[in-house]
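Subject: Structure for you to look at

Hello,

Here is the structure I promised. Please open it alongside the notes that follow.

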Amino acid sequence: MSTYKVAIVGAGPAGYFAAQALQNLQTDDLQFSIDMIERLPTPWGLVRSGVAPDHPKIKTVSKVFEKVATAGNFRLFAGVELGTDISIEQLKEMYDAVVIATGSALGKKLGIPGEDLPGSLSAAEFVPWYNAHPDFHDIDISLDCDTAVVIGAGNVAMDVARMLALEPSELDPTDTADHAISAFKKSSIRKVVISARRGPEYAAFTSPELRELPKLEYTNVLMNQAEIAAAIERAGDDPEKDVRSNLDAMLLISEKEATHHDRTMKFQFLATPIEIKGAGKVEEVVFTTSAGEEKVIKCGLVITAIGYEADPLAGITYEKGKVLNVDGRVSENLYVVGWAKRGPSGVIGTNKSDAADVMNLLVADLKEPKPETELTSLITTNKVISQSHWQSINAAEIAAGEPHGKPRIKAVSREELLRLGGLN
């Protein structure tokens with residue numbers, strides 16, 4: 001029997017699905033010892049810090065992750081940063097294979113004047129802020145304006161707009177960060193505009209997300225019926241299934257009987273942002289329409305959700321925001337999965353088949369197992385969070401949420417997370 005040591009860098013969905021794929025490939029003659037290395041004190045990646053808190057069903061995939069983590073051949077090393085505590089070269093030397101699963105954490109820029117004004121930020125900052133990410137819990141989010149503009153046409157843009165446009169008490173039974181719920185309850189925002197550069201037929205929303213919007217109890221959801229009808233005509237008689245499903249869902253929204261709530265979420269298509277203006281802070285966004293006309297929206301907050309890029313790791317080549325690879329192979333005994341491999345596309349489940357394909361390549365490439373070495377002998381930090389430490393943090397957060405009818409109350413600082421894990 002041969003046992004191979006594999007290091008997976010990144011404890012998000014792609015990393016766990018890679019570990020699961022390796023576990024599924026085990027036989028009587030082939031075994032794996034898996035070490036998962038994560039920069040943050042907590043695992044689960046976007047499932048913890050990216051999924052909208054008012055969509056708790058999506059987070060149930062964490063049960064799969066915990067099954068992987070307790071299968072017996074898996075160790076978690078959270079709180080360990082590549083490039084600071086250990087290098088890629090050290091991992092490649094020590095392990096039979098190394099898998100990069102670090103995702104895409106940097107928000108893409110619009111590249112227009114005024115983008116750096118106070119009040120303009122990326123969804124890559126806003127989403128982790130309301131999800132209690134320890135690196136973003138103390139950023140300054142100003143919600144003291146009447147109107148916010150969200151630029152983008154995907155599910156992240158829709159999540160951001162929905163969080164801003166919801167009646168904040170709807171978030172009380174969720175695991176939204178306490179500091180964010182408090183800020184939303186004080187928010188002056190009553191109108192949120194989602195603006196897309198292209199037409200509705202090109203939007204990257206998914207239809208289940210769209211179909212939920214008319215169910216919002218305290219928020220008007222507006223789409224221009226003529227605009228959607230024109231998009232259906234442009235899409236033709238035989239559009240792709242996803243496009244047809246999206247357009248059908250949008251048509252239902254546009255045809256819905258008008259409601260008269262205090263809060264409104266409005267969709268704007270075929271408008272390209274060309275400048276953000278303001279004296280010392282965001283005051284308006286200037287767009288050009290498909291007809292070449294200029295359109296101005298007065299607002300105090302702009303959130304850009306136009307995609308993500310990978311945060312580069314030392315020793316790895318990147319191109320166009322992702323790790324340079326061929327079908328998941330990066331170099332000898334180095335592989336990549338998930339968003340770091342293919343860019344920010346698909347839903348959480350997309351990472352499962354993607355990881356399985358790459359792990360099949362990894363297994364086909366295996367040579368003689370390397371001599372036994374121990375990762376702990378190289379890691380310089382003394383604050384490593386193991387699976388048992390994480391289980392203590394997880395249990396404490398869930399217990400804190402129970403009296404309030406929440407799935408959990410997340411600890412937001414590294415110090416508090418370490419304390420809950422028994423490391424402080």
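Start with helix H5, residues 123–130. H5 lies across strands E6 and E14 (301–304). The helix runs at about 75 degrees to E6. Keep in mind throughout that this is a predicted model.

**The parallel sheet**

E6 and E14 belong to an open sheet of six strands. The order is E6-E14-E7-E8-E10-E9, and the pairing is parallel. Strand E6 (120–122) forms one edge and strand E9 (219–222) the other, each pairing on one side only. From one strand to the next, the twist averages 20 degrees. At the E9 edge, four bridges join E9 to strand E10, residues 263–268. To find the register there, look for Thr219, which stands opposite Arg263 in E10.

**The antiparallel sheet**

A second open sheet to look at has three strands, in the order E11-E12-E13. Its pairing is antiparallel. The edges are strand E11 (271–277) and strand E13 (294–298). Here the twist averages 25 degrees between one strand and the next. E11 pairs with strand E12 (residues 284–289) over six bridges. Ala271 stands opposite Thr289 in E12.

**E2 and E3**

Strand E2 (residues 30–38) and strand E3 pair in the parallel sense, over five bridges. Glu38 is opposite Ala78 in E3. E3 covers residues 74–78, and four of its five residues are buried, so the strand is largely enclosed by the rest of the structure.

**Nonpolar cores**

Nonpolar side chains tend to be buried together in soluble globular proteins. The largest nonpolar core here has 53 residues. Which residues have the most contacts inside it? They are Phe126, Leu164, Phe184 and Phe267. Helix H6 gives the most to this core, with seven residues. Phe184 is a good place to centre the view. Leaving out residues up to four places away in sequence, Phe184 touches Phe126, Trp129, Tyr130, Leu143, Met163, Leu164, Pro168 and Leu171. Apart from this core lies another, of 43 residues. Among its members are Leu30, Val51, Phe65 and Ile348.

**Salt bridges**

Side chains of opposite charge can pair when their charged atoms come close. How many salt bridges does a search of the whole structure find? The count is 21. Three pairs and one network are picked out below.

- Lys59 and Asp175: the closest N and O atoms are 3.0 Å apart. Lys59 sits in the loop between helix H2 (46–49) and helix H3 (62–69), and Asp175 in the loop between helix H6 (155–165) and helix H7 (178–186), so the pair ties together parts that are 116 residues apart in sequence. Lys59 is buried, at 13% relative accessible area. Asp175 is buried too, at 5%.
- Lys367 and Glu332: the closest N and O atoms are 3.5 Å apart. This pair links distant parts of the chain, 35 residues apart. Lys367 is in the loop between helix H12 (350–365) and helix H13 (387–401). Glu332 is in the loop between strand E18 (329–331) and strand E19 (334–336). Lys367 is exposed, with a relative accessible area of 57%. Glu332 is exposed as well, at 58%.
- Arg408 and Glu397: their side chains meet at 2.7 Å, N to O. Arg408 lies in the loop between H13 and helix H14 (414–420) and Glu397 in helix H13, so the pair ties together parts that are eleven residues apart in sequence. Arg408 is buried, with a relative accessible area of 10%. Glu397 is buried, at 1%.
- Asp35, Arg75 and Glu374: salt bridges link these residues in a network.

**Cysteines**

The structure holds zero disulfides. Cys145 is in none, and its nearest cysteine sulfur, that of Cys299, is 7.1 Å away. Why is there no bond between Cys299 and Cys145? Their sulfurs are 7.1 Å apart, too far for a bond. Is each of the two cysteines buried or exposed? Cys145 counts as buried, at 10% relative accessibility. Cys299 is also buried, at 8%.

Best wishes

Conventions. Residues are numbered from 1 along each chain as its sequence is written. This is a predicted model: local features need pLDDT of at least 70, side-chain atom pairs count only at pLDDT 80 or more; totals for chains, interfaces and linings use all residues. Side-chain values use heavy atoms; hydrogens and water are left out. Two strands pair if DSSP finds at least two bridges between them. Helices (H or I, at least four residues) and strands (E, at least two) are DSSP runs, numbered from the N terminus. Axes are lines fitted to C-alpha atoms, for helices over the stretch in contact, and angles run from 0 to 180 degrees between N-to-C directions. A salt bridge is a side-chain nitrogen of Lys or Arg within 4 Å of a carboxyl oxygen of Asp or Glu. Buried means under 20% relative accessible area, exposed over 50%, partly exposed in between (1.4 Å probe, protein chains only). A disulfide is a pair of cysteine sulfur atoms within 2.5 Å. A nonpolar core is a set of buried Ala, Val, Leu, Ile, Met, Phe, Trp, Tyr and Cys residues joined through side-chain atoms within 4.5 Å. Contact means heavy atoms within 4.5 Å.
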